[in-house]
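Got your viewer open? Here is a short tour, with a selection to make at each stop.

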Amino acid sequence: MKRRIVSWMLLLCMIAALFGSCSGNEKGEKKEMERGSTETGSGGNEAKPATTSHTPADRILPAAGDFVIGQMKSGFGGENGKWLLSEYLASSGTKAEIKEYASEKELIEAARTGEIDLVSGNDLVSLILAYEGNLTSLDAVIGEYYGAGTCYDKVLDAGRINGSFLIAVPFFNVMPESEILVPRGAVDALDGKARSMEELLSLFDGLEAKDRSHSGPMLPDMLLNSLLDLPGKRVGGKAAFNAWTTLQKDLEDDLQAWLQEVQSGNASGRMPLFTYGGESSFNTVSWKGLYQENGQPYTQYGSDAVLIPFPVFEGAGFAVNTVSQSIPKASSNREAAMAYLAWELSEEGQRKIASWEANGGGSWNAVSKDVNSERIERYLKSFMDADPDENVLQEAVKEAERCLEKADRLAPVSFCLKQSFSELLRLRSAGSEERERWRVMLKDGTMGAAEDAEKAYSLLTSYVEKTEEEASRPRYFEEGTFDDWPEYLSDFLADYLADLGYEVTKAG
């Protein structure tokens with residue numbers, strides 16, 4: 001019995017010593033920053049030591065404190081998250097430093113080495129860290145909201161990788177490039193489906209050619225999205241490329257036909273039946289009776305419009321546009337970073353998000369349904385009469401919420417990758433004069449500080465240099481262009497991800 005008492009006393013002493021040690025370390029590591037403020041650093045290479053805590057990742061609980069945020073510089077994908085952060089710091093009495101980077105390679109290395117505690121606003125970097133197992137589980141924070149019926153679960157689920165919430169999405173919009181506005185009757189004719197590229201092409205072909213489209217080819221963002229399979233560690237694919245180019249050729253033909261109508265004075269000025277992108281298309285008030293003239297629909301599919309997702313793969317919903325956030329495993333201040341994410345998801349944080357348009361920020365959707373419903377109603381009222389019909393207003397709100405329920409994924413892209421991919425498609429087909437003009441822009445500050453732009457677009461620069469001897473060709477979707485586009489793009493994407501330390505294979 002005495003031996004057992006002694007053993008218990010020794011164990012209690014060891015626990016007391018451990019807590020004393022942890023407390024001392026926290027005091028010693030406290031940053032010298034002004035309370036309730038943010039400081040922007042240069043994104044240096046000096047790394048903090050990785051955490052030595054042995055607490056399981058899914059059991060880390062929020063605790064307010066100081067932390068370091070890593071994000072891209074303005075002009076290279078830096079997002080507007082500082083206003084919300086300032087609100088949190090003022091209410092919590094904590095402080096945060098922001099380190100900014102021009103290179104995604106530097107940002108991802110900062111996360112891997114523990115130089116930063118929170119990755120903010122770069123979905124590509126956060127997703128790579130998630131799939132390679134370098135992020136902290138956020139289940140302790142997000143788990144209480146998911147499945148409770150209070151939030152957009154599919155949006156929260158977009159940040160769940162391999163069964164754990166690893167990326168936080170506290171507010172969001174629908175990525176404009178993934179939106180397509182079409183006649184509701186055309187979708188009904190497909191039994192409510194347009195969930196694959198084949199079905200989308202069929203829908204497009206069924207629309208009246210005269211009023212179908214006059215916007216021209218789409219930005220290649222959705223092509224890029226369709227060529228990236230991060231969890232499968234694969235890039236490329238001829239089938240996706242061919243389906244995409246078929247649609248772009250049709251859109252270009254419609255544009256040229258419409259321009260001829262304009263020149264001859266016969267253009268109708270009607271709303272086209274197939275439009276893509278743009279936040280204005282989310283004004284659900286205008287969708288009722290959109291395709292009509294003199295009180296009559298000018299399409300066989302009726303006058304009402306509906307917003308559908310661009311199917312980068314079968315069954316895909318809208319891509320989420322957000323300032324996503326994740327906590328690296330190497331962070332030494334994980335509890336403090338998690339406390340900030342917990343505040344963002346709280347009612348106080350969600351109401352701050354919903355009031356952004358009144359505070360100089362963006363018109364974001366809060367992930368809380370109740371909070372966001374109020375925000376949507378205020379937004380839609382601005383498009384209606386001073387005394388709107390309540391039934392019409394509520395139906396418009398419900399239609400907007402039905403669309404938000406289809407937002408279900410983070411696109412594995414980033415600002416720099418999208419810019420590089422778009423310029424790659426353009427510059428390879430361009431002549432030497434246009435390539436030289438681009439090099440000048442790279443150095444004269446047009447694309448950001450020259451030193452930063454050189455880092456951000458280093459791989460693109462090397463690919464452009466390889467095309468120096470190539471003459472100009474038609475655009476990538478036109479006749480007479482390069483025959484090797486699918487392989488060429490696969491090579492570029494594989495090299496881009498390899499530069500970030502994420503090795504992939506190339507699809508045939």
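pLDDT is the predictor's confidence in each residue, on a scale from 0 to 100. Keep that in mind, since this is a predicted model. The protein averages a pLDDT of 86, and 86% of the residues score at least 70.

**Stop 1: colour by confidence.** Select residues 1-37, where pLDDT stays under 50 and the model has 26 contacts beyond four places in sequence. Then add residues 42-58: pLDDT again stays under 50, with 33 contacts beyond four places in sequence. Where pLDDT is low, the predicted coordinates should not be read in detail.

**Stop 2: the whole protein.** Switch to a cartoon and you have 19 helices and 19 strands to look through. Of the 508 residues, 49% are buried. Turn on the surface: the protein exposes about 23400 Å², and carbon and sulfur atoms supply 49% of that area. Among contacts with a separation of 6 or more, 78% join residues 24 or more positions apart.

**Stop 3: the second largest pocket.** Select Asn225, Leu228, Val312, Phe313 and Arg409, the closest to the centre of this pocket among its 31 lining residues. The pocket's volume is about 620 Å³. Elements that give two or more residues to the lining include helix 8 (197-206), helix 10 (238-264) and strand 18 (407-409). Colour the lining by residue type and you get 21 nonpolar, three polar and seven charged residues.

**Stop 4: the cavities.** How many cavities of 30 Å³ or more does a search of the whole structure find? There are two. For the largest, with about 90 Å³ of space, select Ile69, Gln71, Gly81, Ser120 and Tyr340, which lie nearest its centre among 13 lining residues. Strand 2 (67-72), helix 2, strand 4 (118-120) and helix 11 (334-345) each give two or more residues to this lining. Its residues divide into seven nonpolar, four polar and two charged.

The second largest cavity holds about 70 Å³. Its lining includes Lys210, Asp211, His214, Trp258 and Arg270, and the full lining divides into three nonpolar, four polar and four charged residues.

**Stop 5: glutamate 87.** Finish in helix 2 (residues 82-92), where glutamate 87 has its place. Is glutamate 87 buried or partly exposed? Its relative accessible area is 25%, so glutamate 87 is partly exposed. Show Trp343 and Lys352 as sticks, as glutamate 87 touches both. Then pick glycine 349: the C-alpha atoms of glutamate 87 and glycine 349 are 8.7 Å apart in space, although the two residues are 262 residues apart in sequence.

Notes. Residues numbered from 1 in each chain as written. Predicted model: local features only at pLDDT ≥ 70, side-chain atom pairs only at ≥ 80, totals over all residues. Heavy atoms only, no water. 1 Å grid on protein atoms, 1.4 Å probe; cavity = no way out; pocket = protein on both sides within 12 Å on 5 of 7 lines; lining within 4 Å. Points joined across faces, edges and corners; volume = space filled by probe spheres on them. Helix = DSSP H or I, 4+ residues; strand = E, 2+ residues; numbered from the N terminus. Nonpolar A, V, L, I, M, F, W, Y, C, P; charged D, E, K, R; others polar. Buried < 20%, exposed > 50% of the residue type's maximum accessible area, 1.4 Å probe, protein only. Contact = heavy atoms within 4.5 Å. Areas by Shrake-Rupley, 256 points an atom, 1.4 Å probe, with all protein chains shown as cover.
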